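Trainee: Got a minute to go through this model with me? I'd like to quiz you on a few of its helices.

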Amino acid sequence: MEIPPQFYILRKKYRACPFKLHRPSPQLKHVPVPTPDPENLTANILLLLEYTVAREWTLPEYKVIPRKPKGECKRYGAMVKLITSNQTMKQYSSFPHFEHENESVAKGYAAKKALEELQEEEKVKLDKKIISTDKKIIVDRVSEIIADSNAGMFANMVEHHYLDKYSEYLPDDWIQTLATCPTISVESSANGTIIVPKYLTLAPSQPQAVPEPINLETLPKTLDLYITHATSTCEVWCRLIGENYSDKLDDLLLQMARFYDTKEGARESALDIQEGQYYAVRTVSGDWARVCIYEVKHETNIVNAWLIDHGDNDYFPFSSLYRLQPQFCLLPRQALMIALEDLDSYGDDLYATDVVTTSEYLIGKSLIGEITQIDVKNDFIKMKLFDTTDNNVDICVNEVLLDSIVYAKADPQLIQEGQAMEVYISSISKKGEVYIQIPGVTCNRIGEVLNSLSDEEVKKHKLTSYRQVMTNKIYLAKYSKDEGWYRAVVTATPSMQQNKIAVRFIDFGNAETVSITDIAEVENLPNIISKLPAQAVKVAMHNLPVDTLTNTEIAKLHTMLLDDEKTVLIKTINLQEEPPVVEIFYKNDDDSALVSVNSAIVVQRLITIPNEKKNNIENGIQGAFNGGLPRPDLDGEYLAVLITLAANPGNFIFQPLKYEMELTSMMKKMQLFYQASALPEISNKESLRKGQLFAAPYSDEMWYRVVVTEVMLDGSKVAVRLCDYGDIICVPVSNLRDLDPDFQTLPFMAIKGKLAGIVPLHTDWSVDDCVRFKNLVVDQPLASIVIHVEESFQDPMETVVSLHLVDTQNEEKDEVISDIFIKENRAVKE
């Protein structure tokens, strides 16, 4: 018999549930007290539970008492209460000897103390042991004990009843004594010896009918359901509501009660109990349920069983189990396990588990389920749940639970001193103040909620007057660079004359000034926007006070650390400081080794540049006309290229695409470096000359590597070439900045080229020819064959490369650019 796949998920996930264990009689049974575990304290909780089940006492009731010593973390003590079968109450406490930070450990200690004291009580009883010796008396008494048992009784249960009733123990050979008794039969089963009245015999095991699972293929997309049990966001158990499901289950349970409450049904008591088999079980409340046995514990006569119409696991004594009749197997198992849409990634999260098991929106609620994913082969189903009891609005339970999980982990916490953790550097101010963001569920949820807001929805809540603005209150503010709405606080009270309001984005740390039309109230937007604490954490860099950082060092921090896609490692140095002090580590693009940012800047400060070299750098003497940048590698016959500028087929600029990633990375770092803070203008402006290398902004407000091609007569402006794109522009000298050495290692990317193998049909290329060529090649990734390289050793940027250009983007055939010009009568072969 195979146990259903869902059943295995329940391994080791036992918990107390609404069903109490069946107690057939109020008589006290003698059961050996298990030895408590002094090492694994929490294991004693299960040991005590098994003992009370076997004794048929009420389940242990624990009370946890928290205590918060001043300056220390919260600690817990625990008490456990037991009520015996004759209603005697026993209490055991961990006080005053033991407290612990973990509630379960505290309960385990209380359980250990209970077991120790129960062992002492048992020892006293055993010291007064009396054994029956008269065989006739033994037979008569055993016959009397089993007379009321229609289906017989296990031998160890007979021993317990005998002791309880007559205050004497049976001898070791008492079963052999019964062998010649005319009114008693001794039978064997997989679970032990059974003592049966002579007129009863054990029926041979028959193949059992099995309740099938619900056919997922027949389920509609939207369902009415009742949540019965949950252990995680990926394991929520429910019952379907409707005439084919809950109505039929109610009828089934009524029929089971009518059958098993009769004398005939009582004779179906299960004696040969096997794992994986299905049974009927009667709870202490008198209700009947269908179960599948997961584990049989012979030493305590209890089973761990799965309630197939509820989804939970529970413990039951052997005496509460009955054979499940075939007519009660026709209805499929009604417990349906689902995973919660958008919450499946929190299946192993302890906070999330606590939320789903305690939320008022889930267990015990009738909800509407919307199936979002179903896998019939693996019996997997994912749903969104809705509470529709409010006539005005439907509540998405998934979102409520997700927000609760977020709230539980909302406050960003740095790891303890001496430990390291991964974070994002969310912003660095122009003063060098560093803000971090700790990745996790809270930041993700805030982003999801903000992204779900439409412009129309935000527009309804925009401020209309400066008088409405309050400092340190959470608003939504529009960020100028991406036009997105983010949580922000106003950092200064605006005056009536001001057109801008100073804000700080609280989840990133960066500051900006915005207009009144770019601020919106949040009170009537999702609660999570206004309730969650700021996610940006300001930190101080160890050995690098902010007031000691130079503009160049701040720019270096920007290039090393600001990357939306990469985390850095921070080591906590001092949590008592405000802001907390950390050391930051990052990985180089070309190296997997960690680099300490703090140490790199400190060491750089210690390096002294020789005076002669320093003067040369300040005067801009950097070698050849290309500023000393290395020439790109053009070796090889084939070259993938991108045409950035084109005058005509005989004159264009291209970039080798094999450097594309390096160029993109360098450009991103340059923007971070030169936009980070007010870097000084170049010195010795009067000494400007052709070939000097600088950084300069273009009309698109991006910074580029440039080389001077000409100095204007008045010295206020210079003509420069963009080293990586080929454009020649005129810029004020005041816009030039020294090019940091980090940006001088990548070769210049703008290379002059001409189309090989053709010449114009007429003397020169016409305007129409130039436009046609530009439309064919500019900003298009092309394949090329290198035909000839005309080196210019004086100025490597003047090197010209003759290429065959091929457009390979057409799936049907490649198009050779020179062939197109020949076919269109624009060119002839050279």
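What follows is a short run of questions and answers on this predicted model.

Trainee: Let's start broad: how many helices and strands are in the protein chain?

Mentor: Before counting, keep in mind that this is a predicted model. Buried residues make up 47% of the 830 residues in the chain, and of the contacts between residues at least 6 apart in sequence, 64% join residues at least 24 apart. As for the count, the protein chain has 19 helices and 41 strands.

Trainee: Okay, helix 2 next. What span does helix 2 reach from its first C-alpha to its last?

Mentor: Helix 2 runs over residues 43-55, which gives 13 residues. At 1.5 Å a residue you'd expect 18 Å. The model comes close to that, with a reach of 19 Å.

Trainee: And which residue follows helix 2?

Mentor: The helix ends at R55, and R55 is among its buried residues, along with L48, L49 and Y51. Right after helix 2 comes a residue with a positive phi, near 60°. That residue is E56.

Trainee: There's a glutamate inside helix 2 as well. Is E50 buried or exposed?

Mentor: E50 lies in helix 2, and its C-alpha is 9.0 Å from that of P34, 16 residues away along the chain. Leaving aside neighbours within four places in sequence, E50 is in contact with K297, T300 and I302. Its relative accessibility is 10%, under the 20% cut-off, so E50 counts as buried.

Trainee: Now helices 9 and 10. Is helix 9 oblique or perpendicular to helix 10?

Mentor: Their axes come within 9 Å and cross at roughly 130°. Roughly perpendicular would need 65 to 115 degrees, and roughly antiparallel over 145. That makes helix 9, relative to helix 10, oblique.

Trainee: What about the contact of helix 9 with helix 10: how many nonpolar residues does it have?

Mentor: From helix 9 you have Y351, A352, V355 and V356, which meet L401, S404, I405 and A408 in helix 10. By class, there are no charged residues in this contact and one polar residue. The nonpolar residues number seven.

Trainee: Last one, helix 14. How many of its eleven residues are buried?

Mentor: The buried set includes I554, L557, H558 and M560. The buried residues of helix 14 pack against several elements, among them strand 18, strand 25, helix 15 and helix 17. Helix 14 is largely enclosed by the rest of the structure, because its buried residues number eight of the eleven.

Key
Residues numbered from 1 in each chain as written. Predicted model: local features only at pLDDT ≥ 70, side-chain atom pairs only at ≥ 80, totals over all residues. Heavy atoms only, no water. Helix = DSSP H or I, 4+ residues; strand = E, 2+ residues; numbered from the N terminus. Expected span 1.5 Å × (residues − 1). Buried < 20%, exposed > 50% of the residue type's maximum accessible area, 1.4 Å probe, protein only. Axes fitted to C-alpha atoms, helices over the stretch in contact; angles between N-to-C directions. Parallel < 35°, antiparallel > 145°, perpendicular 65-115°, else oblique. Contact = heavy atoms within 4.5 Å. Nonpolar A, V, L, I, M, F, W, Y, C, P; charged D, E, K, R; others polar.
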